[in-house]
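Student: Could we go through the terms used for this model and check what stands behind each of them?

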Amino acid sequence: MDIVTLPGQQTAGKVWLVGAGPGDVDLLTLKAARVLAAADVVLYDALVSDDILALIPASAEKIAVGKRAGAHSARQEEINQLLVTKAFTRRNVVRLKGGDPFIFGRGGEELQTLAEAGVQFEVIPGITAASGTSAYAGIPLTHRDHAQGVTFITGHCQLDSRPMDWQGYANPANTLVVYMGILNAGLIQRELINHGRSADTPVAIVSRATTAQQQKVIGTLGALEALAKDPRVVMPALMIVGEVVSLADSLNWFEPAAVSETPAKQLVK
Ligand code: SAH
């Protein structure tokens, strides 16, 4: 669908592409909070937590455009068009996305459309699910004894037009973080093992990371498919594969059940 702009017309406003982080409202950046407070309209995804949506001023128009696997959602072209249309009529248009907008968030695609239409924009990064999960599950993504590097991949394997680099992902010296991988856990397990990663490699699946509903299940790569079927695994969930997962027990500090409504209460006085 072509973007409709009026010839010669200057846009009135600006689009702020904002990362909302993985869930815990305290993980929002100060800049994101400031921009949200000044929003005239907010287009948000399904992954943005209720606590963060509660920060949107009552005067702002709220538009849910997000998608969850299988659920009805606005098509990407419709979202792109809506952003351009809103930028012509409102001053501060906030496009709010879970995590970081440039990591599996299609933020780049949306900005390309805005750039073509001559709409001004700024980007505010967010804490991506891998960082939030790693911190709140006690799993450092790199560690001098366990992992030299870390790779983020999407587990939507079959949808990718580019072939997956299983040989690279199976590197035992690296941590592998899989976004959107739960439905393909069996395939991921088989490919990694076929390409040489040990079936004994520790793995973690963390659901609703950084929120009071966080759940963590830990096992080995050889049992990843079964682990993904554990009833404690709910969406959204992230998989971490690698030796660093062995630290999760000793470095765990986050007790979801203990999360209070007043975050300041958790500060050590
Ligand atoms: N832009 C987002 C990722 C969007 S893709 C980011 O930077 O985090 C959606 C995937 O992110 C989910 O399928 C899940 O794998 C992961 N995810 C997002 N929020 C999460 C959370 N709170 N806990 C666990 N995984 C999460």
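**Terms and cut-offs**

Tutor: Gladly! Among contacts (heavy atoms within 4.5 Å) in the protein chain between residues at least 6 apart in sequence, 71% join residues at least 24 apart. This is a predicted model, where local features need pLDDT of at least 70, side-chain atom pairs count only at pLDDT 80 or more, and totals for chains, interfaces and linings use all residues. Residues are numbered from 1 along each chain as its sequence is written, and side-chain values use heavy atoms, with hydrogens and water left out.

Student: Why is F102 called partly exposed?

Tutor: Buried means under 20% relative accessible area and exposed over 50%, with partly exposed in between (1.4 Å probe, protein chains only). F102 has 49% relative accessibility, so F102 counts as partly exposed. In the chain, 47% of the 269 residues are buried.

Student: Where does F102 lie?

Tutor: F102 is in the loop between strand 4 (92–97) and helix 4 (107–117). Helices (H or I, at least four residues) and strands (E, at least two) are DSSP runs, numbered from the N terminus.

Student: What makes strand 6 and strand 9 the edges of the open sheet of five strands?

Tutor: The order is 6-7-10-8-9, with mixed pairing. Two strands pair if DSSP finds at least two bridges between them. Strand 6 (149–154) and strand 9 (215–220) each have a single partner strand, so one side of each lacks a neighbour in the sheet.

Student: How do you know that strand 8 and strand 10 pair?

Tutor: Five bridges join strand 8 (residues 202–207) to strand 10 (residues 237–241), and the two run antiparallel. The definition asks for at least two bridges. V203 stands opposite V241 in strand 10.
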